[in-house]
Amino acid sequence: MKEPIVSAEEVLMDKVAFPLLDEGEMQAAKTCGRLERYEDGQFLFQAGERHGDFFVIVSGGIEVMGRMGGEERLVVTHHPGGFFGNINLFTGRPSDVGCRACGPTEVIRLSVPDVRNLVMRSSGVGEKWMEAILHRCYVLNARGVEGLRVFGAHTDAATLELREFFYRNGLPHNWIDTADAKNAKLLEELGDGALQFPVIARGHRVLMQNPTLDAIADQVGIHRTIPDKVFDTVIIGCGPAGLGAAVYAASEGLETLVLDRVGPGGQAGASSRIENYTGFPAGLTGHELAMRSYLQALKFGATFSAPCDVATVRCLPDEIHQVEMCDGTVVRTKTVIVATGVSYRSLDVRGLKRLRGSGVYFAATQVEATLCDKRPVHVIGAGNSAGQAAMFLSKMNENVNLVVRGGDLRKSMSSYLSERVDVNPRIRVRLHTELRGIDGTSELERVHLENTATGEVSVEESCGVFVFIGATPCTSFLGNAVHKDEKGFIITGAELVASGKWNYPGRVPCSLETSCAGVFAAGDCRAYTPKRVAFAVGDGALAVSCVHDFLGTYT
Ligand SMILES: Cc1cc2nc3c(=O)[nH]c(=O)nc-3n(C[C@H](O)[C@H](O)[C@H](O)COP(=O)(O)OP(=O)(O)OC[C@H]3O[C@@H](n4cnc5c(N)ncnc54)[C@H](O)[C@@H]3O)c2cc1C
């Protein structure tokens with residue numbers, strides 16, 4: 001078996017991922033949890049179990065066991081002062097690893113409410129633990145811990161959708177491209193029977209074949225049973241605006257439910273590097289921002305559920321609103337925050353629809369980037385999102401074409417970015433150029449590009465067309481429940497009053513309130529907003545202060 005990049009001992013040298021609690025913190029943990037004793041080799045829990053507890057080691061040690069290279073192996077040993085507890089504690093997902101005692105061992109076991117209590121008492125524990133959760137993901141990756149395995153071809157749209165769903169929801173997995181001959185042996189290990197792809201497996205055991213996202217979400221614990229109660233606020237959409245709202249709402253004690261049709265991240269989750277977000281001078285990936293915010297909101301007690309496509313909001317002013325999902329589930333809530341953002345427009349080009357997911361993409365994350373190796377790719381668009389996609393893809397690919405309709409990149413792209421694109425030897429900027437068609441049967445093979453200045457059409461090899469050509473608000477599910485502008489962006493606050501659509505003369509709307517009292521809009525789906533991450537996060541936080549105003553719960 002291939003040896004892991006980092007050994008079980010080396011892992012422990014990372015003091016951010018594997019810190020030790022000091023004496024005061026151990027004392028606080030003892031006060032909040034209960035002491036348990038284990039014999040050598042006895043399991044605290046097995047891989048695949050939904051255990052949902054946090055363990056602090058008092059004496060002895062615990063060995064974390066996980067699948068690496070197809071075998072059950074030691075990932076790391078926690079010693080006294082160390083702790084075990086990852087994101088599954090909050091999400092209720094089955095654990096990818098198991099834990100067993102190493103020698104006679106004493107641990108403090110803490111349930112989710114115990115952990116919240118502990119974090120309140122000792123901010124040091126909270127700080128160490130949150131950073132540890134985030135860093136352990138990278139460290140365990142370097143150790144080669146496999147998690148779930150996804151089998152499917154790089155040309156298969158359903159496999160891509162599944163991988164994106166796992167990526168957005170922070171679920172570690174190992175993708176095996178079944179179209180690649182060198183993976184034939186791994187495929188054989190799944191057994192003789194005919195399989196329907198994509199296949200999800202744990203080790204050699206097939207868990208699901210060609211499942212729906214709903215079925216997967218149930219199996220791996222992403223779907224949560226939504227409690228039957230009246231929420232203070234339901235946040236629809238889990239991009240930066242929804243996440244910003246979730247962190248503030250939950251941290252201020254509001255009963256908060258967050259719904260998303262895919263999972264945390266939104267458009268920002270598709271961004272390879274956000275460089276203009278305050279406090280991160282070196283930039284950070286949209287995925288990292290989303291995962292940090294998701295964890296933070298979970299810590300404060302927000303409930304998340306995905307995939308939940310919201311079909312209707314029944315706005316009942318002065319009553320309890322109803323949010324209905326596509327599967328018919330209805331949730332009741334005192335207020336609603338609509339943070340559904342925008343989706344990237346498609347192009348009306350021959351062949352584009354058919355090859356969506358098999359060479360035509362509307363995001364450029366690690367998931368898509370791995371599909372193209374060194375073959376040429378074409379990014380369509382001239383805004384910041386297109387520029388970032390081109391820059392990101394150029395890290396792995398030396399033949400990136402940026403297809404721009406106009407004649408000057410600086411008109412639509414931030415100057416820092418257009419300058420980087422210009423000097424990047426791996427990116428060829430094609431001004432005055434439009435995509436006219438694409439060829440391919442099961443996967444993209446060629447693109448037809450027209451130079452509109454000369455009328456010349458060139459047919460070129462392409463492995464990926466990445467479309468970033470402007471966006472449409474995701475607000476059609478609201479119907480006429482709230483007032484929108486002619487493009488579908490939601491009008492709120494003073495603009496609503498000016499348009500004569502505010503029907504509550506006794507009071508002034510909050511700046512994010514829609515034409516239905518108690519329903520607020522935040523982020524890109526709201527009219528007159530700059531379409532930026534930091535703005536969306538701020539808008540989400542502001543929406544929570546509007547909720548407090550509306551409910552009269554401002555302290
Ligand atoms: C590739 C790319 C790179 C970018 N880079 C930058 C950058 O560097 N800096 C910057 O400031 N901005 C950047 N942006 C813009 C930034 O990402 C957006 O402004 C920001 O994500 C908007 O946040 P939001 O929460 O309002 O909406 P979104 O991020 O669009 O999130 C909306 C969420 O709502 C969900 N949703 C929609 N409809 C429904 C429904 N009916 N039911 C349930 N859920 C639903 C979606 O699944 C989505 O998760 C970039 C955008 C892209 C695409």
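**Entry 1: cis peptide bonds**

I began with Pro307, which I found in the loop between β15 (303-305) and β16. The peptide bond that joins Ala306 to Pro307 is cis, and its omega is near 0 degrees. This is a predicted model, so I took each such geometry as a computed value. I then turned to Pro198, in the loop between α7 (184-188) and β11 (199-202). The bond from Phe197 to Pro198 is likewise cis, with omega near 0 degrees. I noted these bonds because most peptide bonds are trans.

**Entry 2: confidence**

I looked up the confidence next. The protein has a mean pLDDT of 89, and 96% of its residues reach 70 or more. Residues 1-5 have a pLDDT below 50, and I recorded seven contacts in the model for this stretch beyond near neighbours in sequence. I leave that stretch without further comment, because predicted coordinates should not be read in detail where pLDDT is low.

**Entry 3: positive phi**

I listed residues other than glycine with a positive phi, because most such residues have a negative one. Asn210, which is not a glycine, has a positive phi of about 35 degrees. Asn210 sits in the loop between β12 (205-209) and α8 (213-220). Is Asn210 buried or partly exposed? I count Asn210 as partly exposed, because 16 other C-beta atoms lie within 10 Å.

Tyr528 also has a positive phi, near 60 degrees. I located Tyr528 in the loop between β29 (519-521) and α15. Tyr528 is exposed, because it has 11 other C-beta atoms within 10 Å and the cut-off for exposed is 12 or fewer.

**Entry 4: helix α10**

I examined α10, a helix of 14 residues (286-299). From its first C-alpha to its last, α10 reaches 20 Å, close to the 20 Å expected at 1.5 Å a residue. How many of the residues of α10 are buried? I found 11 of the 14 to be buried, so α10 is mostly covered. The buried residues include Gly286, His287, Met291, Tyr294 and Lys299. Just after α10, I noted Gly301, which takes a positive phi of about 105 degrees.

**Entry 5: nonpolar cores**

I traced the largest nonpolar core, which has 119 residues. The residues with the most contacts inside this core are Ala29, Ala245, Ala246, Val338 and Phe520. I followed Phe520 further: leaving out residues up to four places away in sequence, Phe520 touches Thr335, Ile337, Val338, Leu512, Glu513, Thr514, Ala543, Cys546 and Val547. Apart from the largest core lies another, of 38 residues, with Val404, Leu444, Val447 and Val465 among them.

**Entry 6: the shell around the ligand**

I counted 39 residues around the ligand, the closest being Gly237, Gly239, Gly266, Gly341 and Gly523. The elements that give two or more residues to this shell are α9 (240-251), α12 (384-396) and α15 (533-551). Which element gives the most to the shell? I find that α12 does, with four residues. By class, the shell divides into 19 nonpolar, 13 polar and seven charged residues.

**Entry 7: Glu319**

I closed with Glu319, in the loop between β16 (310-314) and β17 (321-325). Glu319 counts as exposed because it has 12 C-beta neighbours inside 10 Å. I also compared Glu319 with Leu542: the two are 223 residues apart in sequence and 22 Å apart in space, C-alpha to C-alpha.

Technical notes. Residues numbered from 1 in each chain as written. Predicted model: local features only at pLDDT ≥ 70, side-chain atom pairs only at ≥ 80, totals over all residues. pLDDT = per-residue confidence, 0-100. Contact = placed C-beta atoms within 7 Å. Core = buried A, V, L, I, M, F, W, Y, C linked by C-beta atoms within 7 Å. Buried ≥ 20, exposed ≤ 12 C-beta atoms within 10 Å, placed from the backbone. Expected span 1.5 Å × (residues − 1). Near = placed C-beta within 6 Å. Nonpolar A, V, L, I, M, F, W, Y, C, P; charged D, E, K, R; others polar.
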